[in-house]
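Thanks for coming, everyone. Let me put the structure up, and then we'll walk through it piece by piece.

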Amino acid sequence: SRSLTRTASSLGVTQSAVSHSLKKLREQLEDELVIREGNELVPTVKAEKMLPRLKQWYGELGGILEGGDFDPKTSHRRVFIATTDVFEQIFLPKIVARLSKEAPNISVRVIRWNPDTIYHQLMQQEVDLAVAVRKLDFPNLLKKSLYQDTFISAVRKGHPLLKQKKVSLEDFLHYPHVMTDSGGRSPGVVDRALEKLNRTRRLTHTVSSFASAPYLLEGNNSVLTGPANFLRFCAESRPIALFQPPIPLNDFTVKLYWSRRVHDDPASQYMRHLLYEISQSFQD
């Protein structure tokens, strides 16, 4: 928190107690640590450098205090999960529902998956678990396959393509397409498959997140192809319909990653088991 008031509230102490502790730290470390900028406290360079180590120490302290006596019913552990917007949407509601019954005081914080930093985050315990499709091949990371998924296509309800029992490639390519591209890595899965057939599609719109992609189908005849479990999830609440794309698209495996350092930690074991159990509902 960058506010004395919010910090005091989260710690359950008075604001004056926080100010007194901050004054002591400033004297001991010979640094201002934070300076006021408007309504916020901004960390100094020294404080910024200390922050990663303090986060690591805080995480290790939580593990020491809970030790082998971890009980999900009473634990106040905060779990950091790195993943993409797709898995956040289909996993998080089920995670929260399970925790509300089994571990009401455990909180989950989802952070955006970054392939360039995820290994460091897992090893430094800045992140407890990671859920992704991409392969991570590092010596001190462990993994478990959660479920197999495939690709499916979606259009608005009432789309002309839905009148056919089986969509042909020609009709599939007749309509405009939309896709997601969060990392600037084009062409997409569909485009690579079409290249093998010496065909191309008419790509009209590209968004950075799958969360907004289904909305692009409303009010027009665009086609979206994406992870089947995600689009089935969207079809439960959005006016879209699904069909099998008329091109061969490879299945893919969704994987769970964690650091070897926390492999035997009871809290980590509990959360890994919970995610694996939830993932089984996504199997075709």
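Start with what packs over helix H7. The cover on its buried residues includes helix H6 (169–174), strand E8 (177–180) and E10. Keep in mind that this is a predicted model. H7 spans residues 189–196, and Val-190, Asp-191, Ala-193 and Leu-194 are buried there. They sit on the same side of H7, because they cover an arc of only 160 degrees around the axis. Just past the end of H7, look at Asn-198. Its phi is positive, about 60 degrees.

Now helix H8, residues 228–235. Its buried residues are Ala-228, Asn-229, Phe-230, Leu-231 and Cys-234. What lies over them? The cover includes H4, E6, strand E7 (151–156), E10 and strand E11 (240–243). So E10 turns up in the cover of H7 and again in the cover of H8.

Step back to the whole chain for a moment. The secondary structure comes to 9 helices and 12 strands. Of the 284 residues, 40% are buried. Take the contacts with a separation of 6 or more: 73% of them are between residues 24 or more positions apart.

Next, the cores. In soluble globular proteins, nonpolar side chains tend to be buried together. Here the largest nonpolar core has 56 residues. Which members touch the most others? Phe-91, Val-131 and Phe-172. Take Phe-172. Leaving aside neighbours within four places in sequence, its contacts include Ser-153, Leu-161, Val-167 and His-177. Val-190, which we met as a buried residue of H7, is another contact of Phe-172. Further along the chain, Phe-172 also contacts Val-223, Thr-225, Phe-243, Pro-245, Pro-246 and Ile-247. Apart from that largest core lies another one, of 11 residues. Among its members are Ala-82, Trp-113, Leu-122 and Val-127.

On to the rings. How many aromatic pairs does the structure hold? It holds 8. I'll show two.

The first one I picked is Phe-91 with Tyr-147. The ring centres are 6.4 Å apart and the planes are at 45 degrees, so the pair is tilted. This pair links distant parts of the chain. Phe-91 is in helix H4, residues 85–102, and Tyr-147 is in strand E6, residues 141–149, which puts them 56 residues apart. Buried or exposed? Phe-91 has a relative accessible area of 4%, so it is buried. Tyr-147 is at 2%, so it counts as buried too.

The other pair is Tyr-119 with Phe-138. This one is stacked: 4.2 Å centre to centre, with 15 degrees between the planes. It also links distant parts of the chain, 19 residues apart. Tyr-119 is in helix H5, residues 118–123. Phe-138 is in the loop between strand E5 (129–132) and E6. Tyr-119 has a relative accessible area of 24%, so it is partly exposed. Phe-138 is at 32%, so it is partly exposed as well.

Back to Phe-91 once more. Ring pairs link Phe-91, Tyr-147 and Phe-282 into a cluster. There is also a charge over a ring. The charged end of Lys-144 sits over the ring of Tyr-276, 4.4 Å from its centre.

Now polar contacts. Look at Ser-209, in the loop between strand E9 (203–207) and strand E10 (223–227). Which side chain does Ser-209 reach? It makes a polar contact of 2.6 Å with the side chain of Asp-85. A polar atom of the Ser-209 side chain also lies 3.0 Å from the backbone nitrogen of Ala-211. Beyond its neighbours within four places in sequence, Ser-209 is in contact with Asp-85 and Thr-180.

One more polar contact. Glu-170 lies in helix H6. Its side chain is joined to that of Arg-199 by a polar contact of 2.9 Å. These two are 29 residues apart along the chain, and their C-alpha atoms are separated by 10.0 Å.

Last item: backbone angles. Glu-30 is not a glycine, yet its phi is positive, about 55 degrees. Glu-30 lies in the loop between helix H2 (15–29) and strand E1 (34–37). With a relative accessible area of 71%, Glu-30 is exposed. Gln-125 is not a glycine either, and its phi is positive, about 60 degrees. Gln-125 is placed in the loop between H5 and E5.

That's my tour. Over to you.

Methods. Residues numbered from 1 in each chain as written. Predicted model: local features only at pLDDT ≥ 70, side-chain atom pairs only at ≥ 80, totals over all residues. Heavy atoms only, no water. Helix = DSSP H or I, 4+ residues; strand = E, 2+ residues; numbered from the N terminus. Polar contact = N/O pair within 3.5 Å; in protein donor to acceptor, adjacent residues only side chain to side chain. Contact = heavy atoms within 4.5 Å. Buried < 20%, exposed > 50% of the residue type's maximum accessible area, 1.4 Å probe, protein only. Arc of directions from axis to C-beta. Core = buried A, V, L, I, M, F, W, Y, C linked by side-chain atoms within 4.5 Å. Phe/Tyr/Trp six-rings, centres within 6.5 Å; stacked < 30°, edge-to-face > 60°. Lys NZ or Arg CZ within 6 Å of the ring centre and 35° of its normal.
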